[in-house]
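Trainee: Could you take me through one part of this model up close? I'd like a single connected account rather than a list.

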Amino acid sequence: MSLEVFVLGCGGMMPLPYRHLTSVLVRREGELFLFDGGEGTQVSLRRLNLKWKKINAVFVSHTHADHVTGLPGILMLSSQVDRDDPLYIYGPPKIAEYIESSRRVLDMYINYPIVVREITAPCVVHEGDGFYIRAFPLQHTKTCVGYTLEELDRPGQFDPEAARRLNVPCGPLWSKLQSGQSVQAADGTAVQPEQVLGPSRPGRKFSYVTDTLYLPSIAQEVKGSDLLICEGMFAEAVADQAREKKHMTARQAAVIARDAQAKKLALIHYSPRYTDYELQVLQKEASEVFSQTVLTKDRMVFDIPYED
């Protein structure tokens with residue numbers, strides 16, 4: 001089962017010719033989840049040939065303009081195709097007012113259901129087949145949340161030789177055992193899944209954190225992430241400004257990744273003061289703390305495989 005992460009925009013505050021504003025799309029077996037929607041989101045969706053009309057839900061960190069100005073276009077674009085499924089939009093207080101006022105002022109034609117749910121973190125905001133998405137509190141100049149997409153544990157590996165020894169014929173009964181159902185063997189005895197399955201295997205975890213002061217609590221929320229996309233807006237030379245604006249430095253993002261025992265850290269939401277060349281300073285400072293650090297770029301793609 002595929003789990004892919006597409007960086008649609010990596011910039012903060014203002015768009016640059018080579019850097020759209022922050023937006024990340026996650027694709028899990030055909031389901032699409034959008035995390036924030038800054039200016040330029042539609043451009044990257046088009047250039048990556050992603051099926052924007054299939055977006056199932058949008059998860060907004062907060063209602064600052066550089067994270068939501070791309071959403072009205074997404075809503076209007078989705079009305080250009082046949083769509084029956086609702087679009088869910090989750091976010092902290094004010095997101096419902098923003099969506100409703102945008103629809104009213106722009107006189108949007110919307111031909112599908114839009115369900116807006118304001119959340120109070122921490123909480124599970126969305127659930128699906130074998131996974132859930134959870135919000136947790138951050139600390140910014142207005143109410144802001146981070147998100148994790150976490151898969152449930154998978155059944156252990158199936159042992160066909162064990163099934164044969166227990167007189168379970170190959171076919172539909174094997175599938176039932178693999179899905180956790182007990183079956184009846186050829187000789188009439190009951191066979192339980194644990195008799196033919198190994199230990200349960202962990203699912204995958206994706207975390208999204210942006211626009212916040214450094215908080216030690218974040219590491220616990222994103223613990224064990226296969227991929228942590230986290231803001232590293234400033235270099236240590238301007239750490240005082242970062243603190244004043246309630247943002248993090250790249251080094252602080254790396255501390256979170258290290259303490260969370262994440263597998264990979266991808267920095268995002270850079271200050272426009274840094275050119276692409278100057279971003280190397282952010283990577284260097286973060287990598288000194290957490291070696292598995294990369295700089296995101298617009299339209300960068302991450303594949304998150306299973307460990308086994």
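Mentor: Start with how α9 passes α10: the crossing is right-handed, meaning that the near helix is turned clockwise from the far one by less than a right angle, while anticlockwise would make it left-handed. Bear in mind that this is a predicted model, where local features need pLDDT of at least 70, side-chain atom pairs count only at pLDDT 80 or more, and totals for chains, interfaces and linings use all residues. Numbering runs from 1 along each chain as its sequence is written, and side-chain values use heavy atoms, with hydrogens and water left out.

The two helices pack at an angle of about 35 degrees, their axes 8 Å apart. Axes here are lines fitted to C-alpha atoms, for helices over the stretch in contact, and angles run from 0 to 180 degrees between N-to-C directions. Helices (H or I, at least four residues) and strands (E, at least two) are DSSP runs, numbered from the N terminus. On the α9 side, A250, R251 and A254 make the contact, and they meet L282, E285 and A286 of α10; contact means heavy atoms within 4.5 Å. By class, that contact has 4 nonpolar residues, 2 charged and no polar ones. Nonpolar covers Ala, Val, Leu, Ile, Met, Phe, Trp, Tyr, Cys and Pro, charged covers Asp, Glu, Lys and Arg, and the others, Gly among them, are polar.

Now look at α9 itself, residues 250–259: A250, A253, A254, V255, I256 and A257 are buried, that is, under 20% relative accessible area (over 50% is exposed, in between is partly exposed; 1.4 Å probe, protein chains only). These buried residues pack against α7 (217–221), β13 (227–231), β14 (265–268) and α10 (279–287). Just past the helix, Q261 takes a positive phi of about 55 degrees.

What's underneath? α9 lies across β13 and β14, and runs at about 150 degrees to β14. α10 packs on the sheet too, touching β14 and β15, with its direction at about 170 degrees to that of β15. As for the strands, β13 and β14 pair in the parallel sense over 4 bridges, where pairing takes at least two DSSP bridges between two strands. Within that pair, L228 has L265 of β14 as its bridge partner.

Zoom out and you have an open sheet of 7 strands with mixed pairing, in the order β7-β8-β9-β12-β13-β14-β15. Its edge strands, each pairing on one side only, are β7 (123–128) and β15 (293–295).
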